[in-house]
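Colleague: Hi! I'm new to this one, could you walk me through it?

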Amino acid sequence: MGGANVQAAAERAGARRYIAQSGCYYYVPGPGLATEETSFAVDAPPLIAGGARALLGIENRVLGAQSLEGIVLRYGFFYGPGTWYAADGSVAEQVRRRQFPITGGGGGVWSFVHIADAAAATLALLRVSDGRCYGIAFLWPPVLSAIHVENITLLLALGTGLLEHAGQGLQDLH
């Protein structure tokens, strides 16, 4: 309820816009890459469905606001300094120890975004005024089975600049 309280306070204070964080990792499985129009997996197993419903509830509340414009930013998994996917992060350590689980044959696709790219996209989207949902993630997300020590190292070496927005290009917003 914290976000709902902050949004209500913003509305009472006369805010024109409210921006909420969401995620692009609860989409229904399907062919190709998901976009903002892809449904969340609300009928998946309970742990996935619960997370999908929670994010969908936030998105519906924000985008359905009557007295202010709502914008939703669906970030991929953050990587880079200070994240789980940093060279010294907990996921990288799990991968090095071969404790990182690969389920379902490893064919799932994970969306990532460098923390600096996420910040740049957020700043660019502060100037947008269209009450939409934006996906902020890699252009080429890796499949789960590709997440091992060598690829974590490559991911970290690539750094920033791999940002993709799956609707209109963020380069148009700069």
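Modeller: Happy to; we can start with the overall layout and then go into details.

Modeller: One thing to keep in mind is that this is a predicted model.

Colleague: Good to know. How many helices and strands does the chain have?

Modeller: The chain has five helices and six strands. Starting at the N terminus, the elements run α-β-α-β-β-α-β-α-β-α-β.

Colleague: And what share of the residues is buried?

Modeller: Of the 174 residues in the chain, 38% are buried. The accessible surface adds up to about 9600 Å², and carbon and sulfur atoms hold 58% of that.

Colleague: What about contacts along the chain, how many of them join residues 24 or more positions apart?

Modeller: Among contacts with a separation of 6 or more, 76% are between residues 24 or more positions apart.

Colleague: Let's go inside. Which residues make up the largest nonpolar core?

Modeller: That core has ten residues: I71, L73, Y75, V113, A118, A121, L125, V128, Y134 and I136. Two or more of its residues come from each of β2 (69–75), α4 (115–125) and β5 (133–138). Another core, of eight residues, lies apart from it, with Y18, A20, A65 and C133 among its members.

Colleague: You mentioned α4. Which of its residues are buried?

Modeller: The buried residues of α4 are D117, A118, A121, A124 and L125. Looking down the helix axis, these residues fall within an arc of 125°, so they line one face of α4.

Colleague: Why would residues a few places apart end up pointing the same way?

Modeller: An α-helix has 3.6 residues a turn, so residues three or four places apart point the same way.

Colleague: Neat. Switching to rings: how many aromatic pairs are there?

Modeller: The count is eight aromatic pairs. One of them is Y25 with Y26, an edge-to-face pair with 5.4 Å centre to centre and 65° between the planes.

Colleague: Are those two buried or exposed, or something in between?

Modeller: Y25 is partly exposed, as its relative accessible area is 37%. Y26 is buried, at 18%.

Colleague: And how do Y75 and F78 pair up?

Modeller: Y75 and F78 form a tilted pair, with 5.3 Å centre to centre and 55° between the planes. Y75, which we met in the largest nonpolar core, is buried with a relative accessible area of 8%. F78 is partly exposed, at 26%.

Colleague: Which residues do ring pairs link into a cluster?

Modeller: Ring pairs link Y25, Y26, F77, Y79, Y85 and F112 into a cluster.

Colleague: What does T83 touch? I spotted that one while scrolling.

Modeller: Leaving out residues up to four places away in sequence, T83 touches F78, G89 and I115. T83 sits in the loop between β3 (77–79) and α3 (90–96).

Colleague: It's in a loop, so why does T83 count as buried?

Modeller: Its relative accessibility is 13%, and buried means under 20%. That is why T83 counts as buried.

Colleague: Makes sense. Now charges: how many salt bridges are there?

Modeller: There are five salt bridges. In one of them, E69 pairs with R17, and the closest N and O atoms are 3.0 Å apart. This pair links distant parts of the chain, since E69 is in strand β2 and R17 is in strand β1 (residues 17–23), 52 residues apart.

Colleague: How accessible are E69 and R17?

Modeller: E69 is buried at 18% relative accessibility, while R17 is partly exposed at 23%.

Colleague: Which residues are linked in a network of salt bridges?

Modeller: E93, R96 and R97 are linked in such a network. Within it, E93 and R97 form a salt bridge, their closest N and O atoms being 2.6 Å apart. E93 is partly exposed, at 29% relative accessibility, and R97 is exposed, with a relative accessible area of 54%.

Colleague: One last pair: what about D130 and R132?

Modeller: Their side chains meet in a salt bridge, at 3.7 Å from N to O. D130 is partly exposed with a relative accessible area of 31%, and R132 is partly exposed at 30%.

Colleague: Thanks, that helps a lot!

How values were computed. Residues are numbered from 1 along each chain as its sequence is written. This is a predicted model: local features need pLDDT of at least 70, side-chain atom pairs count only at pLDDT 80 or more; totals for chains, interfaces and linings use all residues. Side-chain values use heavy atoms; hydrogens and water are left out. Helices (H or I, at least four residues) and strands (E, at least two) are DSSP runs, numbered from the N terminus. Buried means under 20% relative accessible area, exposed over 50%, partly exposed in between (1.4 Å probe, protein chains only). Contact means heavy atoms within 4.5 Å. A nonpolar core is a set of buried Ala, Val, Leu, Ile, Met, Phe, Trp, Tyr and Cys residues joined through side-chain atoms within 4.5 Å. Rings of Phe, Tyr and Trp (its six-membered ring) pair if their centres lie within 6.5 Å; planes under 30 degrees apart count as stacked, over 60 as edge-to-face and the rest as tilted. A salt bridge is a side-chain nitrogen of Lys or Arg within 4 Å of a carboxyl oxygen of Asp or Glu. The arc is that of the directions from the helix axis to the C-beta atoms. Accessible areas come from the Shrake-Rupley method with a 1.4 Å probe; for residues, only the protein chains shown count as cover.
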